[in-house]
Amino acid sequence: METIIRFDKVTFTYRDEKQILDEVGFSVRKGMKVALMGQNGAGKSTLFKLLTGTLKPTSGQISVDKSMTVATAHQVIDQLDKELTIEQYFTKACNQEPHEVRRRMASVLNAVNLHAPNDRLVKSFSGGQQARLLLASALIQNPDLLLLDEPTNNLDQAGIDHLMYFLMSYENSVIVISHDADFLNSFTQGVLYLDSHTRKVEQYAGNYHDVVKEIEIRIERQNRQNAQMEKGIRDNKEKANFFANKGGKMRNVAKKMREKIEQLESEKVEVRKEDKTIRPFSIPVQQNIVGEVLKINSYTIIHNHTIIKKKSNIFLLKDKHLLVIGPNGIGKSTLIDSIAKGTAEGAILTPGVRLGYYSQDFSTLNYDDTAWDSLSKAMLETGAGVLNEQRLRSVAAGFLITGDLMGSRIRSLSEGQKGLLSFARLVLMEPGLLILDEPTNHINFRHIPVIAQAISEYKGALILVSHVPEFVSQIKIHERLDLEK
């Protein structure tokens, strides 16, 4: 098969001198479906921008087949595009005549299993529906190479299954960024692993599970090799010291022993470092919270594009966890967002209860703030009015927010780093009611069990929305609100 992409000794450094890639080399052949993996903030989305020409390498050569069309389904829809109708949104994506746009629209919306009138505003769609629009906006360009950046975020299980089967039968080339190993294993034939420590891209055949096994074997082999070297070094040091003390010709023997030690030291290999996992943490609960925290008398859902009001009788007490479930587009995020903002007609929050809200689109973050600013404000929201710098830095470090990241604007962070920052804020905020909307989006799979444990052990009132069954199964849930019933 012909090679459609080749990176040859590609180095990329941002203007702030943050190096992302260091003499990276790999190739992709026509028709391949490849997973691009790596730690949050390693530079996966940056690599996509280098592929499309949005960014240029600092050095090295990127060769992309000039006859090939490339389209990217990004992680989130641009805020300005949310004000467009879906017909305007797709017109912007493919730049065709109106009749051709509408023809292609019908085809790609059917491909992603989404049906809506052409004049509906993008912002009126749920997070899961917007994820489908992102994919459809790439497909409408009929690309030879499809780049997918976290395509399963916000999708319900039906949406993930539909996307998985679509990609299994998709004939063109695909490179996908995802932290969902099962999703990736269903259709990918190789892995590009961006190592955040070496800033290299390692290329593997097989699926993600194959790669994990291969890496484990390599680390074990490297550790074993180094252990043998260490033993040889210790033995030779003991002998060198012994002969050196004898004097005379024995000193020459000792010198040879030291040369052997230097040789063994040079033959030691650098063991591959694994991605860091966030430290175990807990989210402290607001003090002096007793009895009822939230009451939900009614809520609205969307069915066949119609708003329907439903009655309920939900009392959320301290240390009680509520799971809100239902398909994409029914109104889960609308419900919990209105509760968080205090605009839900049927929900009554007990006065004085501090609310911590993890929004799936990070709308609670001020993108002009630095990470330090954002964390400082969260700590001051506890009511104590005291900024404990040592605790703030300790909590941030537990979520891998250290060094230069503390002074970085939130808009410059990766989506995964924004997620970790949001959790750090919740720890510092000490809420009485915790509302979490798809908290696993963008998060490295290594961190998810740690996050699940912290949420499960949270002693305040909790409302959770998540489409990840494996994640939900690890969390203590006391009550379920199924919006479809």
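How much space lies in the largest cavity? About 80 Å³, as the first legend below explains. Please keep in mind that every view shows a predicted model.

**Figure 1. A look into the largest cavity, which holds about 80 Å³ of space.** The structure has 2 cavities of 30 Å³ or more, and this close-up is about the largest cavity. Its lining includes Ala111, Val112, Ala131, Arg132 and Leu135. Also in the lining are Pro151, Leu155, Gly159, His162, Leu163 and Phe166. Two helices, α4 (127-139) and α5, each give two or more residues to this lining. The greatest share comes from α5, with 4 residues. Sorted by class, the lining has 8 nonpolar, 2 polar and 1 charged residues.

**Figure 2. The second largest pocket, with a volume of about 680 Å³.** Here 29 residues form the lining. If you would like to find the centre of this pocket, look for His179, Asp180, Ala181, Val468 and Glu470, the lining residues that lie nearest to it. Four helices each supply at least two lining residues: α5 (157-169), α6 (181-185), α13 (448-456) and α14 (469-472). You may recognise α5 from the cavity view, where α5 gives the most to the lining. In the second largest pocket, too, α5 gives the most, with 4 residues. The lining of this pocket divides into 12 nonpolar, 11 polar and 6 charged residues.

**Figure 3. Helices α11 and α12 packed together at an angle of about 145°.** Two packed helices are described by the angle between their axes and the distance between the axes. In this view, α11 covers residues 389-398 and α12 covers residues 415-429, and their axes are 9 Å apart. The crossing of α11 past α12 is right-handed. On the α11 side, the contact is made by Arg391, Leu392 and Val395. On the α12 side, Ala424, Val427 and Leu428 take part. The contact residues divide into 5 nonpolar, no polar and 1 charged.

**Figure 4. Helix α10 and its buried residues.** Which residues of α10 are buried? Along this helix (residues 371-380), they are Ala371, Ser374, Leu375, Ser376, Ala378 and Met379. An α-helix has 3.6 residues a turn, so residues three or four places apart point the same way. Try tracing the buried residues along α10 with that idea in mind. What do these buried residues pack against? Their partners are α11 and α12, the pair of helices shown packing in the previous figure.

Conventions
Residues numbered from 1 in each chain as written. Predicted model: local features only at pLDDT ≥ 70, side-chain atom pairs only at ≥ 80, totals over all residues. Heavy atoms only, no water. Axes fitted to C-alpha atoms, helices over the stretch in contact; angles between N-to-C directions. Left-handed = near helix turned anticlockwise from the far one by under 90°. Contact = heavy atoms within 4.5 Å. Nonpolar A, V, L, I, M, F, W, Y, C, P; charged D, E, K, R; others polar. 1 Å grid on protein atoms, 1.4 Å probe; cavity = no way out; pocket = protein on both sides within 12 Å on 5 of 7 lines; lining within 4 Å. Points joined across faces, edges and corners; volume = space filled by probe spheres on them. Buried < 20%, exposed > 50% of the residue type's maximum accessible area, 1.4 Å probe, protein only.
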